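Student: I'm new to this one. Could you show me how to read its main features?
Tutor: Sure, let's bring it up and go through it together.

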Amino acid sequence: MTTLRNLFIVGWVGLQVALPLSYYLGDDRFDERFAWRMFSPVRLSECRVKLVDRTDGAATLVRPNAELHEVWGNLLSRARSPVVHAYAKRWCDRRRDAGATAPALHAEITCENPARRGDAACAGALAAGAASAQPGCLVEPIDPAQNLCEVDR
Amino acid sequence: MSAYFDAFEVSARRLAVLRVLFFGLLAFDLWTTFLPHAPRFGAGGFNVSQVPALDAWLPLPTPSVVGALYIVGGLAAFCAALGVGVRLALPVVAACYSGVYFWSQSDSYQHHYLVSLLLVLLCFVPHGAWRGDATHVRSWAMRLVYVQVSLMYAWTAATKCDAAWLDGSTMNSLLSCEARLHVQAFGNALGWSEAGALRAVSASIMLGEFAAAALVLYAPWWTIGLFVIPFFHAGVEYLDFDIELFSYYMFVLLFALLLPQRWLDRGWDAVAQRLGGPREHVLRALNGDSVPPGVSTPWLIAGATALAAFALLRALPVDRADIGAGLAAAFALGVLAPWNRGAGSVRTSSAIALIAGSGLCLAGLARSEALYDYHRQWGGYLRRSGDVEGAIARYESANAIQHDAPARHVALARLQLKRGEAAAAALNVDEALRRDEAAVSQANAHARSASAGAQDHLELGRAHVRLADTLKFATEVFPAAGRSDDVAALQRKREGHIGDARSAFEANVRSDPACGAGRGELARLRGAGDGADR
């Protein structure tokens, strides 16, 4: 019993140290759920989110907000990676069910770099776009070249 | 390490304070804040859990199941606060609250995560300790509660050790206009610029949170913590951040966890002196010889209580109220557990608490803003997703709950008009006009009172705009319904209300030149030509 209890305590404290640490050591700055990051600049950073259907070579804009509750739309617009991937999986499965053999969905997500929100050189970077913004002012949390239908299969 | 957790002693009185305050707040929170959010769960057949790897095995949450869990979780929290059936109530609250939290990322508030963790830990506190079997009890789980709170403060401080926080820019973005004025005044008093004051405030918050992490862990410092740490949470409320009841949870937790034992004992004795006698008298009357012993008596009491809880919660105007009512009845049977006890040993006070909790839930919610929001938000989602029938049903429920105040009659009428039901739409517009006019009269009275402030003028302006929008819609609906109302007169009336709205917003800006929200409302009026359709 004591051993079990000690294991529980060690596991609990270990998780409470490891989960936030994994956020800081990991790549995904936009999923702060277990990091105890309150009032963070990430929450204030704005993102431009475009989901693009490239199944037939052409680029057609996908509009998830038309079918999802706005709470999911908000999480997508905050570049919450698990939500982007879950939506992509659903979209790709539906396309396959509809007969598409190789559906292709790409997430073109550009966000203000949370670490440089206060930097005057980065003001208006999102509006200016990646091409004209100073290097480091914007980030792409998900590789836009990645076909999410292949990743999440 | 083992000794650090094993040797931790907590007084039964501290646990009683924690039980009453924390679970009382939780019951209120689940019923009034969480329940209106139930309709978002599983909407559009989409969900992502907090552990996406489990999604393939987890069923899709539904508003009825999530709503039921919030209702029963609230009832269990209410019982736990009163010390009724704590052994069962704690795991039930933990399962309902934490279960829903981990079920869906649509609930992403960090304090919901914290409360979920604390609820799990509190299940491991020896249940006799909640009953007050001994004056002090050793509890490794309570030690872990302190460690958890400390870790939260430590991490939230560590996350602020970066330039984006320390240069004050994050704080600058978070401040409301009113809060900014206070920061400026604080800086001026010390001869600092606004940017300097923001940097100082940001750095002191970071340092204060590190200090909080230490103060919570070390018992001799609890008194300091009790006076210092709540300031952060008071500041959060002052800055008007939308984080639901987080600050209140922290006030309650810090009070219960950090109050020095001698103060707690002194306060306890003072309260016991006043309330102890009557409480004992009531409990003796309820639980003593007043229940006639007999084999069937405990079953009768438990059965009647379960039935009463079911009947009360079944009447709650939510989707599939029977699920929540059924779970509540099962919980009542579990708390009274007649199969575990000797004849006549069912505590009448527990039965009364269960019925009172169910009744409070029904009476408190039946005509509340919370249930109005539940139906209104659900209706809004259904409307946006093209489910006209479903949206109409939800808006009708919302309008029935919002007794006499402006509700969703115009939104309902728009849907009815879309379905070609112009006569029904016109009736709803009539009702909307009646309520909007009453709201304008009420707001007018407030704005003309001697104590009227900027907010009163703002509310009056918004009431005029709402009425103007309804009148605009009336000019479409009444002719479509074949009514002979004078459209030109309706338009003139509408223009009058737009003018009155403008005057009210200007009065708001005059009353509060720095931060008056009337400025934005005036810009919106200009942007819409004369009035915005809302």
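Tutor: Keep in mind that this is a predicted model. Let's begin with a pocket: helix 19 of chain B gives the most to the lining of the second largest pocket, with 8 residues.

Student: How do people find empty space like that?

Tutor: Rolling a probe the size of a water molecule over the atoms shows where empty space is left. Here, the second largest pocket holds about 1400 Å³ of space.

Student: Which residues are closest to the centre of the second largest pocket?

Tutor: Out of 49 lining residues, those are Arg43(A), Arg78(A), Ser108(B), Tyr109(B) and Asp242(B). As for elements that give two or more residues, chain A offers helix 2 (41-44) and helix 3 (70-77), while chain B offers helix 2 (12-34), helix 5 and helix 19.

Student: And how does the lining of the second largest pocket divide into nonpolar, polar and charged residues?

Tutor: You get 20 nonpolar, 13 polar and 16 charged.

Student: Now the two chains. How do I judge an interface?

Tutor: The size of an interface is often given as the accessible area lost when the parts come together. In this model, chain B and chain A bury about 4100 Å² between them, with 68% of it on carbon and sulfur atoms. Phe46(B), Gln110(B) and Trp155(B) supply 19% of the area that chain B buries against chain A, more than any other three residues.

Student: How many residues does each chain bring to the contact?

Tutor: Chain B brings 51 residues and chain A brings 41.

Student: What about salt bridges and polar contacts across the interface?

Tutor: There are 3 salt bridges between chain B and chain A. One of them pairs Glu70(A) with Arg384(B), whose closest N and O atoms are 3.7 Å apart. You'll also find 16 residue pairs in polar contact across the interface. On the side of chain B that touches chain A, helix 7 of chain B has the largest share, 8 residues. That side divides into 28 nonpolar, 17 polar and 6 charged residues.

How values were computed. Residues are numbered from 1 along each chain as its sequence is written. Chains are lettered from A and ligands numbered from 1 in the order in which they are written. This is a predicted model: local features need pLDDT of at least 70, side-chain atom pairs count only at pLDDT 80 or more; totals for chains, interfaces and linings use all residues. Side-chain values use heavy atoms; hydrogens and water are left out. Contact means heavy atoms within 4.5 Å. Buried area is the accessible area (1.4 Å probe) that two parts lose on being put together, summed over both. A salt bridge is a side-chain nitrogen of Lys or Arg within 4 Å of a carboxyl oxygen of Asp or Glu. A polar contact is a pair of N or O atoms within 3.5 Å; within protein, one must be able to donate a hydrogen and the other to accept it, and residues adjacent in sequence count only if both atoms are side-chain atoms. Helices (H or I, at least four residues) and strands (E, at least two) are DSSP runs, numbered from the N terminus. Ala, Val, Leu, Ile, Met, Phe, Trp, Tyr, Cys and Pro count as nonpolar, Asp, Glu, Lys and Arg as charged, and the others, Gly among them, as polar. On a 1 Å grid over the protein atoms alone, a cavity is a set of points where a 1.4 Å probe fits but cannot get out, and a pocket is an open set with protein on both sides within 12 Å along at least five of seven lines; lining residues have an atom within 4 Å of a point. Grid points are joined across faces, edges and corners, and a volume is the space filled by probe spheres set on the points.
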